Structure formats: C-alpha cells, structure tokens
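Q: I would like a close look at one part of this model, taken slowly and then set against its surroundings. Please say as well how far the prediction can be trusted around it.

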Amino acid sequence: MTETENCCTPKVAPTDSCCPVNAPDTVQNCCPPKSGKQSCCPPVADHRKPEYKLEGFIENWLDTPIGEIPVVARKLNRVDQFGRIAMRWGIGRNHYAVAPGIYAVGTPDAEAEVLISANYKLSFDVLRRSLGSINAWILVIDTKGINVWCAAGKGTFGTDEIIRCVKKFHLTKLVTHRRLIVPQLGAPGVAAHLVKNGCDFNVVYGPVRAQDLPAFFTYNRQATPAMRRVNFTLLDRIVLTPVEITILYRQIFYTALALLLLGGIGSQVFSTSAALIRGGSAIATGFSGLVAGAVITPVLLPWLPGRAFSLKGIWTGLAIAILLGGSLLPDAGSTIHIALLLQVTAISSYAAMNFTGSSTYTSPSGVEKEMRIAIPCQLIAVVIALGLWLWTAF
Amino acid sequence: MAHQKYLKNVVTLKLEQEKCVGCGLCAIVCPRAVFKIEDDLAWITALDNCMECGACVGNCPVGAITVHAGVGCASAIIHSWLTGDEPSCDCGGGGNC
Ligand code: SF4
Ligand code: SF4
C-alpha cells in the first residue's frame, strides 16, 4: 500500500497535509490536511477515557486477536526516571505499580516470546529497557506492586497467578507456541510442572538479570551459569543503603525524642538547655552509629572480618566511635567516652544486622542464629551506655 | 566477585537423592549454585551457599528436596518473636528484600 492509498481515496494526497514524505504506510502516519479540506484519514482510536490515566510509557496500540494491546516504549522517560529515584528513598513505595495485563514491546507476532513480569514498576521498567531490539509480549501479573523476588517469597508471584492470567488474558489466542519466560528470581513462588498441568504452558526460566535477556535469546534460551547467579556488587549495596535508613526512620525518630528528654535530666531535675546540648550530642553520636552500620558496613561488606553482619557492624562502629571520641573528647577513658563507644558500636551492629534482609546471600536460619546472640549483646551495651550517660549528668 | 559466604552449618536444605530423576531444574533455579547435576543425579556441592529461598523445592517434580524456606529480614524475625507469627518481610520496594 502506498502512502496516498492509505491517506485518501481518490488517490490524491490532500494538499497542506502534514504527512511526512516517504512515511511508512501506517494509519498513524496519515495526517489530515491542516485546514479547510475534508480529512480522508481513517479514524484513529482514542484511548483516553474520563477518569482514566493513559500511562506515559504507552506509545502505541497494537491490534491483536484478543483486542488492542498497549505498546510500551523501550526507553524510559523523565517520569520513569524520577519515579526510580523517589522509590529508592522510600517515597510512594507502596503504590509503584503498573496495571496487570498484556503489553507489547515493538511489534510482536504469534511466534514472539511471552515474558512474565511482576507489576512492580521498577522491574517492568528494567525489563522493557533491557529488551534491545527484541519484539515480545510482556504478561504482567498482579503482585500488588511488589518486586519479583519478594513477591515470589510471599507466593503472590506464583504458580496460581500465572495460570490465572494465562487463562484470563486468553494467551492461547495470542501466541501459537506454549512457552512462558519466567524470571529466575520468581522461581521460589513458581512450580514449573504445576504451571504446565494448570494451563499447558512450559515455564522456561530466564536469566536473573533482565539485561541478559538478549544474550539468553541469542543462545536459544540458554542462560550461562553466570546469568543464573545473584551477585551483590558494590553498586547493589550502595543503592540499597537509603532503603535501610528509610526502613528505620520511625525507630530513629522515637529514639531521638527519648534522648532529648533524657538529656535534660540532671541535678536541676530538668533543664531545657541540657536537653538540647546533651540530648543533641547523644542524637548526633547515635546517628553516626547508624551511618557506620547502615551505610559504611554495607559498602565495606566483603572486606570486614567475620561472617555475621552484627560482627561486621561492630568494626565500623568501633572505628567511628574512636574517631569521634578522639576529636570531641580529649580525656580518653572517661565515663562519657566509654558510653559513646558502647552506644555507637551497638547501634552500628544493630543497623548492620538489619542489612541481612537486603543482602542476597543470607539464610533465614543463619539470620535467626545471629540475632539470638547479637541482640542481647547490643541491648546490654545500650543499657550500660545509657546508664553511664545519665550518671554523668549528676 | 566470588560468592560471599554467610554462617556455616546453619542451612536446613536436604536432598533425598534416591528420589531424584535428574531433570536438572534445581540447578537451573538456584541463584546460589548449590547444586550440580552429575550422572543424571542432583548433588549438593555448596550447602553453606544456600539462602533458603525454596526455589529448588517448589520446582523439583518429585519432591526430593526440602528446606525451611523463609525471609531473612532481621526486622521480620524480631516481629515474629514479638507476635509469634511467621516472619514476614514487609518489603514493598527495594531491589532485594
Ligand atoms: S533454597 Fe534456594 S538457594 Fe538454597 S539450594 Fe534451593 S534454590 Fe538454592
Ligand atoms: S529438581 Fe529434583 S528431580 Fe530434578 S534434578 Fe533436582 S533433585 Fe533431581
């Protein structure tokens, strides 16, 4: 079909048309004349509806045997980028979802691969960005906006949901093959043989990282051993540190409040200036313990001695406490010095222990064992530090 | 970077090799390279690497593997100690929880 056929009958392009010269003959490229003359373009479906938001990452619509399917962009726009940064700092993290359903990337056909994804927007964004020039279908299942790994652990990314979505969205009418590419980190929630029994689709586990998908398809859907492993690089760990602090923000707030109140207690019963000075410095040292445990420890993780995270946190806490003590308190060995050392180290150890949840190699049995030993020690250290600190006020 | 190792001898993973049919799925789904397939059988080669995610258990078609799977968030475990519930990681975001 030529451009003019697509645009008009009889075969004369409307003058003043904004059709690009040599434009591919698609409906989208048929533009009505700018003024006066009657348009002969076929009507273009308008997907805007009152009350509904048309997401910015949808750039087109594709006609398929199961109806029109949104085509999503391969590149991230500014809104996507901003959302990613905000998420890392815990802003709006409970509502960062895309609507479940089938999406197209490029111009997939009945032979194209079907990739399963969680409806957590960060995962979805990484996926569409990683596909390179591959045309594929993405079946987004409802994990309540939670990432694949966590959702698989909880079972929301799981066998039943996949079977349900395959049936609900009539996948058998969309593709001729019987193959679903499931992210490997979804495997804790998925039983491949049960998916096969439930909807007659074979589960093929893709690589751990979406970036490896093009290579995975090039090698005939084979992942190299490296593509199957989780690693925990410096960058992974740095990216996760803000998450750690935002998880603890409530505890931080109440502790700071308590320290302000306790700081005011002294020989004159209660003094506001003491509350600010003593309480304020206790908050500052406590915060340095938090930074030592939740920021410095994760960054230095592989190089800190010991396997338990609480132990690794002790080293960074001690180092910070000694640095602080040396610069702020000249009389080393004083009561307040010991209190500072205990407080910073205990907080650092506790914050570092919390990082077990973000790490990608700890086992629940191990974390529990570590905590049974570490928490009593941390508590004792904090209680002694608090006692010494209060005692110095009199 | 080589695998980072966590505590020794705490993992609850068990393999009943007599049941194994050598399908190889456990080795495919394990993100920590715990299994090796040799002579059409699965072998545990790096037990301490296991992070008890349960992927191998769910995908073994003959039920040859068991593990006490769960979440390793310290806060979730504290919560379970206080309430008596199963540990549940409330991780709405984050890359890995
Ligand atoms: S539980 Fe997870 S980490 Fe452990 S062996 Fe099975 S798949 Fe690997
Ligand atoms: S998944 Fe089960 S049957 Fe298959 S190789 Fe592993 S242990 Fe054997």
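Which residues surround ligand 1?

A: In this predicted model, ligand 1 is surrounded by residues of chain B, beginning in sequence with B:Leu13 and continuing with B:Cys30, B:Val34 and B:Phe35. The shell is completed by the run B:Cys50, B:Met51, B:Glu52, B:Cys53, B:Gly54, B:Ala55 and B:Cys56.

Sorted by class, the residues around ligand 1 come to 9 nonpolar, 1 polar and 1 charged. The charged residue is B:Glu52 and the polar one is B:Gly54, because glycine is counted with the polar residues and cysteine with the nonpolar ones in this scheme. The reader should keep that convention in mind, since the cysteines B:Cys30, B:Cys50, B:Cys53 and B:Cys56 of this shell therefore enter the nonpolar total.

One of these cysteines, B:Cys56, can be followed further: its relative accessibility is 8%, so it counts as buried, the limit for that class being under 20%. That value takes the protein chains alone as cover.

The surroundings of ligand 2 offer a useful parallel. Its shell is likewise drawn from chain B and consists of B:Leu15, B:Cys20, B:Val21, B:Gly22, B:Cys23, B:Gly24, B:Cys26, B:Ile37, B:Ala42, B:Cys60, B:Val62 and B:Ile65. Here the division is 10 nonpolar and 2 polar, with no charged residue, whereas the shell of ligand 1 does include a charged one. B:Cys26, which belongs to the shell around ligand 2, also has a relative accessibility of 8% and so counts as buried.

With cysteines in both shells, disulfides deserve a check. A disulfide is a covalent bond between the sulfur atoms of two cysteines. The structure holds 0 of them over all chains.

The wider setting is chain B itself, which has 3 helices and 4 strands, arranged along the sequence in the pattern β-α-β-β-α-β-α. Of its 97 residues, 46% are classed as buried, and its accessible surface amounts to about 4,600 Å², with 54% of that area belonging to carbon and sulfur atoms. Taking the contacts in chain B between residues at least 6 apart in sequence, 47% connect residues at least 24 apart.

Two members of the shells can be placed against the strands: B:Phe35, from the shell of ligand 1, falls within strand 2 (35-38), and B:Ala42, from the shell of ligand 2, falls within strand 3 (41-44). The loop between those two strands contains B:Asp40, whose phi is positive, at about 60 degrees, although the residue is not a glycine. Most residues other than glycine have a negative phi, and most peptide bonds are trans. B:Asp40 has a relative accessibility of 60% and therefore counts as exposed, while B:Cys26 and B:Cys56 are buried.

As to confidence, chain B averages a pLDDT of 84, and 87% of its residues score at least 70. Over residues 91-97 of chain B, however, the pLDDT stays under 50, even though the model has 30 contacts beyond four places in sequence for that stretch. Where pLDDT is low, the predicted coordinates should not be read in detail. For the complex, the predictor gives an ipTM of 0.85 and a pTM of 0.78.

Chain A provides the remaining context. It has 394 residues, 48% of them buried, and it contains 14 helices and 9 strands. Its accessible surface comes to about 19,600 Å², 64% of which belongs to carbon and sulfur atoms. Among its contacts between residues at least 6 apart in sequence, 62% join residues at least 24 apart.

Chain A, too, has a non-glycine residue with a positive phi, namely A:His170, at about 50 degrees. A:His170 sits in the loop between helix 5 (159-168) and helix 6 (171-174) of chain A, and its relative accessible area of 39% makes it partly exposed.

The average pLDDT of chain A is 83, with 83% of the residues scoring at least 70. Residues 1-12 of chain A remain under 50, and the model has 22 contacts beyond four places in sequence for them. Residues 23-27 of chain A are also below 50, with 10 contacts beyond near neighbours in sequence.

Terms used:
Residues are numbered from 1 along each chain as its sequence is written. Chains are lettered from A and ligands numbered from 1 in the order in which they are written. This is a predicted model: local features need pLDDT of at least 70, side-chain atom pairs count only at pLDDT 80 or more; totals for chains, interfaces and linings use all residues. Side-chain values use heavy atoms; hydrogens and water are left out. A residue is near a molecule or strand if one of its heavy atoms lies within 4 Å of it. A disulfide is a pair of cysteine sulfur atoms within 2.5 Å. Buried means under 20% relative accessible area, exposed over 50%, partly exposed in between (1.4 Å probe, protein chains only). Contact means heavy atoms within 4.5 Å. Accessible areas come from the Shrake-Rupley method with a 1.4 Å probe; for residues, only the protein chains shown count as cover. pLDDT is the predictor's confidence in each residue, from 0 to 100.
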